[in-house]
Amino acid sequence: MEWGIKENRIAVIALFKCNKTPLEIFNLLKLLKITKKFVYRTIKRFKEFNTIDDKPRSGRPRELRTNAAVKAVAQRIRRNPLRKQKIMAREMKIPPRSMSRIIKEDLGLGAYRRSIGQRLTDALHQIERQEGRSYFIGTQKMATDRYCLQMKKCLLVERGHHPASVMVWWGVSYEGITQLHFCEQGVKARAINYQNYILEKVVKPLKDTLFVGKNWTFQQDSAPAHKAKTTQRWLEPSGSSDLDPLDYRLWSILEEKACSKPHRNIESLKADLVKSTASIPLEVVRAVIDKWPDRLKKFINVNGGHFE
């Protein structure tokens, strides 16, 4: 049996019935770590109400932090310990503050403290292997390292200064998808570059490859290089990113597949992008394109404004 406040009150009243004074009761029960105030208040409650139970409270009963809610949260965390608190609160329709109190106060849990360390280059990794020691760069402290050793698990987030990036062009259609086209490093997203490197060399040849003998329409978003006057003279863009299947769904699928983990160099990122593009089924692409008429109706209903 777990010893608590109720058991302390029972002990106080038992000694009180044996004609012990409050001071004598306090001295006898010092091992229970109770205060003199606790002894006097317990005796007073017993004299007035002939009970050791608390008075009925006037506050409203709990509606969200119920035992059922605490149990449901515990089960979800047990199934997936990496589940985000904010997303779980939204899914269970529990306010974020109540969700935080359930996790911290009711379950006694806390989030892992992620260690942030400088990302090591290939040259530093080579030095690390040769000398047989680790480099602690930046503000990573040994106290954090000890904490991770105790927990047997350390969530290390690598952070680099000025990470490299790559500019990618991708086309999708009901007939299939195009290969990824990577723009050269240093090439700016200007209208003239878009026309010379993308429209002329990538889009125009599609009539002889992907759409042989078929009528087709080119759809693009409203990026500055896309809606420039010189580009509009080259073709007639729609000018709405909310209608572009790539922008409202497919780019996020590709990003989730290829960018879920950090890449140490541009070539690794390019290879993962190509691999992830090839893994997207054509049925998924066609399902996204099939939603285009519905989005077009929403676009008309908001008079060309923004919509989700």
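Buried, in what follows, means under 20% relative accessible area, exposed means over 50%, and partly exposed sits in between (1.4 Å probe, protein chains only). By that yardstick cysteine 183 is buried, at a relative accessible area of 14%, whereas cysteine 18 is exposed at 52%. Take a disulfide as a pair of cysteine sulfur atoms within 2.5 Å, and the count comes to zero.

A word on what you're looking at. This is a predicted model, in which local features need pLDDT of at least 70 and side-chain atom pairs count only at pLDDT 80 or more, while totals for chains, interfaces and linings use all residues. Residues are numbered from 1 along each chain as its sequence is written, and side-chain values use heavy atoms, leaving out hydrogens and water.

Now the overall picture. The protein has 308 residues, and 29% of them are buried. Its secondary structure comes to 14 helices and six strands, where helices (H or I, at least four residues) and strands (E, at least two) are DSSP runs numbered from the N terminus. Contact here means heavy atoms within 4.5 Å. Among contacts between residues at least 6 apart in sequence, 57% join residues at least 24 apart.

Start the tour at the N-terminal helices. Isoleucine 10 has its place in helix H1 (residues 5-17) and counts as partly exposed, with 46% relative accessibility. Its C-alpha atom is separated by 9.8 Å from that of threonine 51, a residue 41 places away along the chain. Threonine 51 also turns up around arginine 45: leaving aside residues up to four places away in sequence, arginine 45 touches Arg9, Asn50, Thr51, Ile52, Asp53 and Asp54. Arginine 45 itself is found in helix H3 (residues 36-49). Is arginine 45 buried or exposed? It is buried, with a relative accessible area of 17%.

One of those partners, asparagine 50, deserves a look of its own. It lies in the loop between H3 and helix H4 (67-79), and its phi is near 55 degrees, a positive value in a residue other than glycine. At 60% relative accessibility, asparagine 50 is exposed.

Lysine 93 tells a similar story: its phi is positive, about 60 degrees, although it is not a glycine. This lysine lies in the loop between H5 and H6 and is exposed, at 75% relative accessibility.

What about the two helices on either side of that loop? The axes of helix H5 (residues 85-92) and helix H6 (residues 96-106) come within 9 Å and cross at roughly 115 degrees; axes are lines fitted to C-alpha atoms, for helices over the stretch in contact, with angles running from 0 to 180 degrees between N-to-C directions. Angles under 35 degrees count as roughly parallel, over 145 as roughly antiparallel, 65 to 115 as roughly perpendicular and the rest as oblique, so H5 and H6 are roughly perpendicular to each other. From H5, the contact is made by Gln85, Met88, Ala89 and Met92, and from H6 by Pro96, Met99, Ser100 and Ile103.

Last stop, the largest nonpolar core. Such a core is a set of buried Ala, Val, Leu, Ile, Met, Phe, Trp, Tyr and Cys residues joined through side-chain atoms within 4.5 Å. This one has 14 residues, and those with the most contacts inside it are Val166, Trp170, Leu250, Leu273, Ile280 and Val285. Helix H11 (245-258), helix H12 (266-279) and helix H13 (282-290) are the elements that each give two or more residues, with H11 supplying the largest share, four residues.
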